[in-house]
2 protein chains.
Amino acid sequence: MPAAYEELIATVKDTALLRSTAAILGWDQRTKMPPGGVEHRSKQMAQLARMIHEKATASRIGELISACEADSELVSDPHSDSAANLRELRRSYDRSTKLPADLVEEMARTRSVAEHEWEQARAKSDFSLFAPWLSKNIDLSRRAAECYGWGPEDEAWDALAEGYEVGMRARDIEAVFSPLRDKLQALISDLQSAPRHPSTAIRTVKVAIDAQKSFVHRVAEAMGFDFQRGRIDTTVHPFCSGTSPGDVRITTRFAEGMFFEALMATMHEAGHGLYEQGLPTEHTGTPLGRAVSLGIHESQSRMWENFVGRSIHFWRWCQPIVAAEVGGDAGKLTADEVYEGLNIAEPDFIRVEADEATYNLHIMVRFELERSLMNGELTADDLPHEWNRRYKEYLGVDVPDDARGCLQDVHWSGGSFGYFPTYTLGNLYAAQIFEKVLEDIPDLYDSFEKGEFSPLKSWLNQNLHAHGSRYTPAELCERITGKPLSSEPLLRHLESKLRPLYRA
Amino acid sequence: MPAAYEELIATVKDTALLRSTAAILGWDQRTKMPPGGVEHRSKQMAQLARMIHEKATASRIGELISACEADSELVSDPHSDSAANLRELRRSYDRSTKLPADLVEEMARTRSVAEHEWEQARAKSDFSLFAPWLSKNIDLSRRAAECYGWGPEDEAWDALAEGYEVGMRARDIEAVFSPLRDKLQALISDLQSAPRHPSTAIRTVKVAIDAQKSFVHRVAEAMGFDFQRGRIDTTVHPFCSGTSPGDVRITTRFAEGMFFEALMATMHEAGHGLYEQGLPTEHTGTPLGRAVSLGIHESQSRMWENFVGRSIHFWRWCQPIVAAEVGGDAGKLTADEVYEGLNIAEPDFIRVEADEATYNLHIMVRFELERSLMNGELTADDLPHEWNRRYKEYLGVDVPDDARGCLQDVHWSGGSFGYFPTYTLGNLYAAQIFEKVLEDIPDLYDSFEKGEFSPLKSWLNQNLHAHGSRYTPAELCERITGKPLSSEPLLRHLESKLRPLYRA
C-alpha cells in the first residue's frame, strides 16, 4: 500500500481508538457511575470530544485523502478495501470540516439549553415554553444544512439526513412511505373493526426482576450473542455500545409487569449487538470495520425483535422454557397467548409504546413535519396544530395534550432533524432482507421452533455484518436482496401476520 | 495569580483529567470488561499513556514551573497553595523527564515479559526461570536510579523509593524498622509459647455471597463511605480507584468461608475510599487535591481495617447486627469470638495472608533484600537462599518452595523496587495517628460500640484528608502527631491487644 494510504489508515485508527474510549466513558456514565461523578465526567467527555474533533478535522487528513484519491490503483475498483474506505473517509472528513467552529459551538450551546427547556415544557405540557428553543434549533440546523450543501434536485432536509443514513433523500423516503402509509391505514382500520381481537393475557403477568434477568440472558445467548465478547446491563433507556467486536455492551430494562416487553427489548438490543460482534475485526477503526448506517443497524434489531421474537415459531420453542424456568403466571400462558399478546395492533399517541404496524405511522408524521420545518413551509409555532391534525388523520387518535403530542420525543430538542425515518427504514430493510433469508433457508422457521438461531445469525454474519461500510446502504440492499428498497415486504409481513390474528 | 501560574495549573489539570479517563478504563478492565475486550483495551491504554506522557513532559511545563519558582510571591510561604503545588509539580516533572525515552521503553518491554516469566516460574515453583528476568529488572532499575540521582548520604534504593513515598530514605526506614523487628520477634515468640490461644471459631463459618455483599455495603455506609459519590464491586484483587472525590470506586472479594475476611478487606478499601472522597474538590487535578503518598494512603486503609475493624469495640456493635441480619453460623458467634478470630498472630510464609503483627516482618525481609539488590551487595541468583534464611531468622518458618517463597509477590517482576516498605509505613502512620485521635476524642471507642464512626471520619477529613499534598508525608506526620514517625505506637498497639488475648 502507498505510504499516504498507510498513514491515513493509521491516523484514522488512532482517532477511532480515542472515540472508543469516549464510548466506554459514555457507557459507564449511563450504567455504573455514581451521581456524584457527573460534573467530572462532563469535563472528561468535553476533553475527549475536543481531542477527537481536532484529530478528525486535521488538515493532514484532507491532504492524505486527496493524495490517495489521485492514486488510481487505490480507487479503480469502487468496492475494494481502499476505495470503500476512501469514499467514507472523504464523506465524513468533508462533513466534519464544513461547519464553521462558531456554528458548531452555538449548536452545542443551544442544544444543551434546549434539551433542558424541552424537559421543563414536557413536564408542564406547555409547548409555548419550548417553541423559542425549537425555533433556534430549526434556524441553526438550516444554517448547518446550507454549510453541508445539497444537490440541485435535493433539499435542506437531505443535507442533514445524510449524517444518519448515507444517501437518504426526502423524495426517496416519500416514494416508499406514501404507499406504505395508505396500506397501513387501511390495514389498521380493518383490524380495528375486526370480529376477533388477540388475547391480552400477557398483560396481567408479573415476574420477579432477577428471574427476568437470567431469562433474557439465556435468550440472548441462544441468539448467538457472545458473552465472552459482550455484556448486558440495566438502564432506563436500553442501548448498544462498546469498543470493538470483542467488547459489545447492550442494556435493557425491567419492570415486574413487563416481562415479555423486557425480552423483546433485549432481543432488539442483542440484534444490534450481533451486528457489532459480526463486524470484521481486521478493519476495526476504519469504515470497513464499522456498521454502515443507522437504518441498516435498526434492521438488525428489528429483525430479531419483530421477525424472530414476535413470531409464533419462536414462542413454540420459548414458552415451554418460560414454563419450566420462570413458572408462575408467566408459565401458565400458551405459546399462542404470548404470540397474540405481542402482536396487538392499536393506534395510540406515544411512539415508543407503539406496536409493529402503527409504529411506522408515528414516524411518517415526524418525517413530514421535520421536512416542512427544514423547507421553511412550517415554523415552530405551527407544530402542535400540524402534529395533532396528522395524528387524527393517520392514526385516528385525538392527542390529549402536547406532553403526549409534539413534546414526547427528545430528538428535535437536541437538534436532530432527519433521524426519525431511520427507524422505519430499519423495519423496511428488515422485512426485505428477511424475505431473502427465508428464500435461502427454507426451513428457517423450523430452526426457530427448535431454538436454533445460528442459521439466521450465520447468514447475517456472512451477507451483511462482514461487509462493514464497504457498500452504501442502498447498494447493500440491492446486493443482498437483488432489489431497491420497497414497502412491499414489510406490508406482506404485517398483512400475513395480523389479518389472521384478527380474522380481518 | 500570575499568568504563568494560571497556565501551569490549567495544563496540569488537563493532564490529570486524561489520567482520570485512564483510571476509569483501568477500573472497567478489572471489573466489567468481557474477556474479548483485552486486545482493544491494551491499545486504548497505550494511547492514553502516550498522550499523558507527552502532556506531562512537555517542555512548556518546565518553563512555566521555572517562571513560577522565580516569583517570590508564589513560593515565599512554603505551605501556601502555590508553593505546595509548585514543590510537587517540580518533583514529578523532574522525575518524568529524567529518564531517557529508550530506557523507559526498555523498562516497559522487559517488565511485560518479566511479569509473564514470573507467572510461569511461580506456577512451576522454579526460580531459575525467573532469575535472568529479575537480573534485567535489577539492572534497569539501577540505571533508572542513576538517572534520578541521589544525595551524598543516600543510596540507589532511595532514588527509586522516592517515586512511591516522597522523602523515604533507606537509612530512615532502617532506623524505624530495626527496633520494630526486634520487639515484634520477641512478641511473636511470646505469643507462640503462650498458655492460651484465641478462638478459631470464625474459621468454620459459611455465609452466602449475596448476604455478604449487602452486609459489607452496610458497614461501608456506616463508616461514612458515600455511595452517592462512590460504588463497590467484586474483583479477585481488591483495590480503590476513581476519577475525583465525587466518583470513588472500591472493590472487594468474597468466598463462602471468608465472610469476616471480606468485611476486613472492604473496610480496608473503604478506608482508602474515605481518603479519596475527603480530598478537597476545589483542588482536583492538582497536587493539593491529591493523596500525599502510598504510605499515608495505606495508613487510612489499615486504620479502618485494623484499629477499627479488628477492635473489640467495633464487634460489640457489629456482631449483634450480624446475628440479626446474616444469621446462621455467623450469627451464633459472640463478639469476643469474632474479635479473637481476627487477631490470631501466627508466623507463616505468605505475606498477603499474614496477620497484623507478623505482616511487618514479611515487609522487612523484602526491604533488606531489595536494598541490597540495588546496592549491588546481592544478585538475583542469591535471592532464594537469602530469602529463606531471613524467613527462618525473623519468622521462624521453613519456606517450603520458591512459589511460596521469593516468587510469591508480583512487585519485582514489574520492576517495582522501593514499594514494599510503604505497607509497613501505613501500619506505623496508622498507629501513630490513631493515638492522637484517641487523645483528641477520648470516648472514641464508645462511639464504635454505638456504631458511630463519624467522629473518626470527621477527624480524619479535617486533620489529614483536607490537606491533599500540601505537606510532605513526614511534615504531615509531625503536624498531626507532633512527632516524627516512630515504631513505638504500633508496638504499643500490638502489645496491648495481643498479650491479653494470649495471656502472654
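**View 1. Arg371(A) is a buried arginine, paired with Glu155(A).** The relative accessible area of Arg371(A) is 16%, and Glu155(A) is buried too, at 14%. Here, buried means under 20% relative accessible area, exposed means over 50%, and partly exposed is anything in between (1.4 Å probe, protein chains only). This is a predicted model, so local features need pLDDT of at least 70 and side-chain atom pairs count only at pLDDT 80 or more, while totals for chains, interfaces and linings use all residues; side-chain values use heavy atoms, with hydrogens and water left out. Residues are numbered from 1 along each chain as its sequence is written, with chains lettered from A and ligands numbered from 1 in the order in which they are written. The two side chains meet in a salt bridge, 2.9 Å from N to O. That pair links distant parts of the chain, with Arg371(A) in helix α16 (residues 359–375) and Glu155(A) in the loop between α7 and α8 (156–161), 216 residues apart. A salt bridge needs a side-chain nitrogen of Lys or Arg within 4 Å of a carboxyl oxygen of Asp or Glu. Helix and strand labels come from DSSP runs (H or I, at least four residues, for helices; E, at least two, for strands), numbered from the N terminus.

**View 2. Glu368(B) has a salt-bridge partner in Arg181(B) and a contact in Arg390(B).** The side chains of Glu368(B) and Arg181(B) come to 2.7 Å, N to O. They join helix α16 (residues 359–375) to helix α9 (residues 170–192) of chain B, 187 residues apart. Glu368(B) is buried at 18%, and Arg181(B) is buried at 18%. Arg390(B) sits in helix α17 (residues 383–395) and is buried, at 10%. Setting aside neighbours within four places in sequence, Arg390(B) is in contact (heavy atoms within 4.5 Å) with Val365(B), Glu368(B), Leu369(B) and Leu395(B). Its side chain also makes a 3.0 Å polar contact with that of Glu386(B). For a polar contact, a pair of N or O atoms must lie within 3.5 Å; within protein, one has to be able to donate a hydrogen and the other to accept it, and residues adjacent in sequence count only if both atoms are side-chain atoms.

**View 3. Glu7(A) and Arg60(A) form another salt bridge.** The N to O distance is 2.9 Å. Glu7(A) belongs to helix α1 and Arg60(A) to helix α3 (residues 59–69), so the bridge ties together parts 53 residues apart in sequence. Glu7(A) is partly exposed at 31%, as is Arg60(A) at 40%. Over all chains, the structure holds 90 salt bridges. Elsewhere in chain A, a network of them links Arg87(A), Glu88(A), Arg91(A), Asp154(A), Glu162(A), Arg169(A) and Arg171(A).

**View 4. Chain A meets chain B.** On each side, 35 residues are in contact with the other chain. About 2700 Å² is buried between them, and carbon and sulfur atoms give 56% of it. In chain A, the residues that lose the most area to chain B are Leu17(A), His40(A) and Gln47(A), together 20% of what that side buries. Buried area here is the accessible area (1.4 Å probe) that two parts lose on being put together, summed over both. The rule finds six salt bridges across the interface. Arg41(A) bridges to Asp247(B), with the closest N and O atoms 3.9 Å apart. There are also 21 residue pairs in polar contact, both at pLDDT 80 or more.

**View 5. Phe130(A) and Thr422(A) are two buried helix residues of chain A.** Phe130(A), in helix α7 (residues 127–148), has 3% relative accessibility. Beyond four places in sequence, Phe130(A) touches Ala114(A), Trp118(A), Ala121(A), Leu407(A) and Ser413(A). Thr422(A), in helix α18 (residues 421–440), comes in at 2%. With the same sequence cut, its contacts are Tyr164(A), Glu165(A), Met168(A), Leu294(A), Gly295(A) and Glu298(A).

**View 6. Arg503(A) and Ser125(B) have positive phi without being glycine.** Most residues other than glycine have a negative phi. Arg503(A) has phi near 50 degrees; it follows α22 (488–502) and is exposed at 57%. Ser125(B), with phi about 50 degrees, is in the loop between α6 (101–124) and α7 (127–148) of chain B and is partly exposed at 25%.
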